[in-house]
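Work through the following exercises with the sequence and the model side by side. Each task is followed by a solution that goes step by step.

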Amino acid sequence: MATLVRLVLRRLRGLRGLPGLPRLAAEMPLRARSDGAGPLYSHHIPTTPLQKALLAAGSAAMALYDPYRHDMVAVLGETTGHRTLKVLRDQMRRDPEGAQILQERPRISTSTLDLGKLQSLPEGSLGREYLRFLDVNRVSPDTRAPTRFVDDEELAYVMQRYREVHDMLHTLLGMPTNILGEIVVKWFEAVQTGLPMCILGALFGPIQLSAQSLQVLVSELIPWAVQNGRTAPCVLNLYYERRWEQSLRALREELGITAPPVHIQGLA
C-alpha cells in the first residue's frame, strides 16, 4: 500500500512538473488564484475521484499499520473529509470568532509565533502552557504537512487550521504526545469534528496499547474525551492567537473541559 501511495504521488507530481515543496507551508497563505487557472492554492495537487480513492485506501492501510506516519494520516484526512470539512467550515462561518479566523487566515508556526512573548506571559496562561507543551514533548508546529488534495481553497484552510491547532488541543486536554495521549485526543477530535481519519484513529489506535493502558483508556479516558468533546463548542472557532494571555484554567471553564480522570504520562 505504501508503494501504491508513493506511485500515485509521483505520477501526480510528474503530471504537474512539481519539484517538491519549495517553501515552508507557513510562508504560503491558502488563497485562491485570482485568474482561476492552475492550482487553487499553494501545494494544491488536483486529483480525480479514482486517484483520491487509491490515495485514501493506501494511506488508510499505512496509517492503521503505523499511526506515527503523519504523512499518511494527512493524505487520508484530505481524501476522505470533504463533506465533513464543509460542515466545519459552515460552523465557523456562523460563529463570530470562527468567521474572523476564516477571513484573516492565521497560521501557527515558528515564523508566526512570537516565542519571546509567549515565554514572558504569566504562568498558567494559554500561551505559556502551550510553549511548555512544545518544550516538554519536543514537538514543533512546523511539522504539520501542507494541505494538497482538498479541491477547495477555503476547505483546504479549514484542514490546515485543524492540523495546526492539534497541539493546542493537547494543551487544553492536558494530554502528552505518547500513543495513549494521542488516542485520547483523537477521540475528542472525532466527536468534535467527525473527520473520518479521526474516527479511524480513535477506533484502531488502541490496537497497539498494552493491556493496562487499554483498560484505563476504555474505562476512564474514552468516556471523559467523548463527554468533553460533546460539551465543548467547536474548538476551530477559537482564535487562539488572540487568547495567549487568557488563563488556561479560565479557557477550560469557558469550554466546559474538565480535568483528566487519571494521569497518563507513565502509560503507553
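Before starting, note that helices here are DSSP runs of H or I with at least four residues, numbered from the N terminus, and that the model is a predicted one.

**Exercise 1. Find where histidine 43 and arginine 105 lie, and describe their phi angles and their burial.**

Solution. Begin with histidine 43, which lies in the loop between α1 (2–16) and α2. Its phi is positive, about 75°, although histidine 43 is not a glycine. Most residues other than glycine have a negative phi. The next step is burial, for which the cut-off is under 20% relative accessible area; histidine 43 has 13% relative accessibility and therefore counts as buried. Arginine 105 is treated in the same steps: it lies in the loop between α5 (96–104) and α6 (115–120), and it has a positive phi of about 50° although it is not a glycine. With 9% relative accessibility, arginine 105 counts as buried.

**Exercise 2. Describe how helix α2 packs against helix α3, and sort the residues of the contact by class.**

Solution. Two packed helices are described by the angle between their axes and the distance between the axes. For α2 (residues 49–65) and α3 (residues 70–80) the angle is about 140° and the axes are 8 Å apart, which means that α2 is oblique to α3. The crossing in which α2 passes α3 is left-handed. On the side of α2, the contact is made by Lys52, Leu55, Ala56, Ser59, Ala60, Met62 and Ala63, and on the side of α3 by Met72, Val73, Val75, Leu76, Thr79 and Thr80. Sorted by class, the residues of this contact are nine nonpolar, three polar and one charged.

Histidine 70 also lies in α3. Its relative accessible area of 47% makes histidine 70 partly exposed, and its C-alpha is 9.9 Å from that of serine 59, with the two residues 11 apart in sequence.

**Exercise 3. Decide how well helix α9 is covered, and describe its packing against α7.**

Solution. First look at burial: eight of the eight residues of α9 (residues 166–173) are buried, and the helix is mostly covered. These residues are His166, Asp167, Met168, Leu169, His170, Thr171, Leu172 and Leu173. Then ask what covers them; the cover includes α7, α8 (153–164), α10 (179–193), α12 and α13.

Next take α7 from this list, whose axis comes within 9 Å of that of α9 and crosses it at roughly 105°, so that α7 is roughly perpendicular to α9. The contact joins Leu126, Glu129, Tyr130, Phe133 and Leu134 of α7 to Asp167, Met168, His170 and Thr171 of α9. By class, five of the residues in this contact are nonpolar, two are polar and two are charged. Finally, α9 is followed by glycine 174, which has a positive phi near 70°.

**Exercise 4. Describe the aromatic pair formed by tyrosine 130 and tryptophan 244.**

Solution. The ring centres of tyrosine 130 and tryptophan 244 are 5.5 Å apart and the planes are at 25° to each other. Planes under 30 degrees apart count as stacked, and this pair is a stacked one. Tyrosine 130 lies in α7 (residues 126–137), whereas tryptophan 244 lies in the loop between α12 (211–231) and α13 (248–255), so the pair ties together parts that are 114 residues apart in sequence. Both partners count as buried, tyrosine 130 at 0% relative accessibility and tryptophan 244 at 9%.

Key
Residues numbered from 1 in each chain as written. Predicted model: local features only at pLDDT ≥ 70, side-chain atom pairs only at ≥ 80, totals over all residues. Heavy atoms only, no water. Axes fitted to C-alpha atoms, helices over the stretch in contact; angles between N-to-C directions. Helix = DSSP H or I, 4+ residues; strand = E, 2+ residues; numbered from the N terminus. Parallel < 35°, antiparallel > 145°, perpendicular 65-115°, else oblique. Left-handed = near helix turned anticlockwise from the far one by under 90°. Contact = heavy atoms within 4.5 Å. Nonpolar A, V, L, I, M, F, W, Y, C, P; charged D, E, K, R; others polar. Phe/Tyr/Trp six-rings, centres within 6.5 Å; stacked < 30°, edge-to-face > 60°. Buried < 20%, exposed > 50% of the residue type's maximum accessible area, 1.4 Å probe, protein only.
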